[in-house]
Amino acid sequence: KSYKNNFFVVCISKWLAKKAKSSLLFKNNNIITIPCTIDSNEWKPINKYTAREILNLEKNKKYIVFSAYNGIDDYRKGFDLLLESLKKLKFSNKDLELIIIGKADNKLLLNSNIKFKLFEDHFFGNSIPLRLIYSASDLIAIPSRVEAFGQVALEAGCCEIPSVGFNNTGLEDIIDHQKNGYLANYLSVEDFTQGLDELLNDEKNNVYKKNIRSKIINNFSYGKIAPQYLSAYKKLI
């Protein structure tokens with residue numbers, strides 16, 4: 001409130017733009033949406049079985065990835081909701097394993113009887129280990145209560161791995177429901193479980209994984225995003 005009200009606000013998702021438009025500080029500003037971008041030449045799939053061999057994962061299991069920089073205790077990331085969903089899965093837990101990227105020193109997990117493999121390294125911008133983890137998996141679970149955009153969904157999708165998330169988050173810009181992933185009703189454990197079951201189905205997964213990479217290349221590549229920023233900058237001149 002101490003500054004002149006002449007900010008040009010760029011939001012990375014439509015969800016965030018809605019928040020900005022309802023903000024007392026920014027509602028009267030010029031607000032546009034320009035999403036995050038990704039290099040599809042760098043972020044590309046690795047053969048699933050090659051990736052699993054390198055990571056010492058079983059060839060015939062189903063793997064679900066959950067990633068949270070601050071660890072599974074971060075309430076916003078909804079790990080507790082994912083655990084509830086995993087309990088309700090039609091798919092047998094003995095044929096399923098969870099891959100966690102981030103910290104996981106949580107009694108909730110240890111008492112859940114869910115098999116998991118932990119990667120505590122954040123990799124600091126190195127795409128190769130993340131590409132291996134994504135490519136070795138079957139789907140990404142993003143049960144976030146708050147998600148401004150969904151960079152993990154973008155990275156994984158570029159590696160042809162679809163995601164399950166909630167609507168009413170920034171993931172709506174990346175995931176087209178039942179076309180290249182699954183958008184569950186906001187905070188509905190039952191619907192999120194339905195999404196997990198759907199993406200564990202090989203036939204649908206094979207369709208979704210091709211569709212998600214295609215969407216990302218067509219909507220989030222450097223060549224698509226850079227002109228949007230150029231246009232925004234020109235309006236400031």
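How many aromatic pairs does the structure hold? In this predicted model, there are seven aromatic pairs. Two of them share F166 and are set out below.

| Pair | Centre to centre | Angle between planes | Arrangement |
|---|---|---|---|
| F166 and Y186 | 6.2 Å | 75° | edge-to-face |
| F166 and F192 | 5.1 Å | 45° | tilted |

The pair of F166 and Y186 ties together parts of the chain that are 20 residues apart in sequence, because F166 belongs to strand β7 (residues 163-166) and Y186 to the loop between β8 (182-184) and α7 (189-199). The pair of F166 and F192 likewise links distant parts, namely strand β7 and helix α7, with the two positions 26 residues apart in sequence. Together, F166, Y186 and F192 form one aromatic cluster.

Within this cluster, F166 has a relative accessibility of 1% and therefore counts as buried. F192 is also buried, whereas Y186, with a relative accessible area of 34%, is partly exposed.

The aromatic ring of Y75 takes part in another kind of arrangement: the charged end of R145 sits over this ring, 3.8 Å from its centre.

The largest nonpolar core comprises 32 residues, and I133 and Y134 have the most contacts inside it. At least two residues each come from β3 (62-67), β4 (96-101), α5 (127-136), β6 (139-142), α6 (151-158) and α8 (202-220). Helix α5 gives the most, with five residues. Beyond its neighbours within four places in sequence, I133 is in contact with L55, V65, I99, I101, F119 and F123. A second, separate core holds 28 residues, among them A68, F79, A104 and V164.

Key: Residues are numbered from 1 along each chain as its sequence is written. This is a predicted model: local features need pLDDT of at least 70, side-chain atom pairs count only at pLDDT 80 or more; totals for chains, interfaces and linings use all residues. Side-chain values use heavy atoms; hydrogens and water are left out. A nonpolar core is a set of buried Ala, Val, Leu, Ile, Met, Phe, Trp, Tyr and Cys residues joined through side-chain atoms within 4.5 Å. Buried means under 20% relative accessible area, exposed over 50%, partly exposed in between (1.4 Å probe, protein chains only). Helices (H or I, at least four residues) and strands (E, at least two) are DSSP runs, numbered from the N terminus. Contact means heavy atoms within 4.5 Å. Rings of Phe, Tyr and Trp (its six-membered ring) pair if their centres lie within 6.5 Å; planes under 30 degrees apart count as stacked, over 60 as edge-to-face and the rest as tilted. A charge sits over a ring if NZ of Lys or CZ of Arg is within 6 Å of the ring centre and within 35 degrees of the ring normal.
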